[in-house]
Amino acid sequence: MKKLATILSRIQFGRRRSSNATKLVVAVSIVLCMVALITLRLSMNDLQNRTEKLYNRAAVLEQENSSLENKIANLGTVQSVMEIAKEELGLVQPDTVIFVPAS
């Protein structure tokens, strides 16, 4: 009888140990899943911020592109050639009188 009680207690002890091990494995798994979810959420927030910055940069570049397209469209006109000559090269028409302030 004592032998049977000893065997039964060992069997129950083994079951308790395995159930505690199972609980530990489940708890560790839950903690790891939570860490993974937090990491993914932080990555997602970072990607959203980067995406927003890229959209803003794209809008600025689209405006600049539109401005450059307008300049290209007006390049062939006489007025645009005169403006470029005056602003970038410092040229003036032959009949223009330039006043230089006295210092």
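I began with the second largest pocket and sorted its lining by class: four residues are nonpolar, two polar and two charged. The model I am reading is a predicted one. For the volume of this second largest pocket I noted about 160 Å³. Its lining consists of Met82, Glu83, Ala85, Lys86, Leu91, Val92, Gln93 and Thr96.

Next I went to the largest pocket. I put down about 240 Å³ for the space in it. Which elements give two or more residues to its lining? I found helix H1 (2-74) and helix H2 (78-89). H2 supplies the largest share, six residues. I listed the lining residues as Asn70, Lys71, Asn74, Leu75, Thr77, Gln79, Ser80, Glu83, Ile84, Glu87 and Glu88. By class I noted two nonpolar, five polar and four charged residues here. Glu83 stands in the lining of the largest pocket and also in that of the second largest.

I then looked up Ser80, one of the residues lining the largest pocket. Ser80 sits in helix H2. Is Ser80 buried or exposed? I entered it as buried, because its relative accessible area is 11%, and the cut-off for buried is under 20%. Which residues does Ser80 touch, once its neighbours within four places in sequence are set aside? I wrote down Asn74 and Leu75 as its contacts. Asn74 and Leu75 are also among the residues that line the largest pocket.

I turned to H2 itself. This helix has 12 residues, and I noted 16 Å from its first C-alpha to its last. That is close to the 16 Å expected at 1.5 Å a residue. Just after H2 I came to Gly90, which has a positive phi of about 75 degrees.

Last, I took down entries for the whole chain. How many helices and strands does the chain have? I counted two helices and zero strands. The chain has 103 residues, and 2% of them count as buried. Ser80 is a buried residue, as entered above. For the area the chain exposes I wrote about 10100 Å², with 64% of it supplied by carbon and sulfur atoms.

Definitions and conventions:
Residues are numbered from 1 along each chain as its sequence is written. This is a predicted model: local features need pLDDT of at least 70, side-chain atom pairs count only at pLDDT 80 or more; totals for chains, interfaces and linings use all residues. Side-chain values use heavy atoms; hydrogens and water are left out. On a 1 Å grid over the protein atoms alone, a cavity is a set of points where a 1.4 Å probe fits but cannot get out, and a pocket is an open set with protein on both sides within 12 Å along at least five of seven lines; lining residues have an atom within 4 Å of a point. Grid points are joined across faces, edges and corners, and a volume is the space filled by probe spheres set on the points. Helices (H or I, at least four residues) and strands (E, at least two) are DSSP runs, numbered from the N terminus. Ala, Val, Leu, Ile, Met, Phe, Trp, Tyr, Cys and Pro count as nonpolar, Asp, Glu, Lys and Arg as charged, and the others, Gly among them, as polar. Buried means under 20% relative accessible area, exposed over 50%, partly exposed in between (1.4 Å probe, protein chains only). Accessible areas come from the Shrake-Rupley method with a 1.4 Å probe; for residues, only the protein chains shown count as cover. The expected span of a helix is 1.5 Å times one less than its number of residues. Contact means heavy atoms within 4.5 Å.
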